[in-house]
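User: I am new to this structure and would like a short introduction. Could we go through it together?
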Amino acid sequence: MKELVARWWNGTWGRLTRRDVWLAREVRWHVVARTGDPETGNVLRWEFDNEAEARQMVKRPVQAGGGQWREQTGDAATEPPR
């Protein structure tokens, strides 16, 4: 079972401009990034051996994506797409 470590959202609701990034851990670290909405969005996935490498990958879409990114915690931290 994957442990959800953190989630970020760019603060935009639009189908074409929304961006989400998840950081999860099982045995390896997983980063999942989605562009667009849950129904039609494009999903990219990466796996890493350690947290530092995974967090470096998280920085890439967050810094490049524009918008007002914020980390989602608690109930707002939904699971990444399957």
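User: How many strands form the sheet, and in what order?
Analyst: In this predicted model, which numbers residues from 1 along each chain as its sequence is written, local features need pLDDT of at least 70, side-chain atom pairs count only at pLDDT 80 or more, and totals for chains, interfaces and linings use all residues. Side-chain values use heavy atoms, without hydrogens and water. Five strands (DSSP E runs of at least two residues, numbered from the N terminus) make an open, antiparallel sheet ordered β4-β3-β2-β1-β5. Strands pair if DSSP finds at least two bridges between them.
User: Which are the edge strands?
Analyst: β4 (42-48) and β5 (70-72), each of which pairs on one side only.
User: Over how many bridges do β3 and β4 pair?
Analyst: Seven, in the antiparallel sense. Arg45 in β4 is the bridge partner of Val32.
User: Changing topic, what lines the largest pocket?
Analyst: A pocket is an open set of points on a 1 Å grid over the protein atoms alone, where a 1.4 Å probe fits, with protein on both sides within 12 Å along at least five of seven lines; lining residues have an atom within 4 Å of a point. Here 12 residues line the largest pocket, and Lys2, Ala24, Glu79, Pro80 and Arg82 lie nearest its centre.
User: Which strands supply at least two residues each?
Analyst: β1 (3-9) and β3 (29-35) each do so for that lining.

Conventions:
Helices (H or I, at least four residues) and strands (E, at least two) are DSSP runs, numbered from the N terminus.
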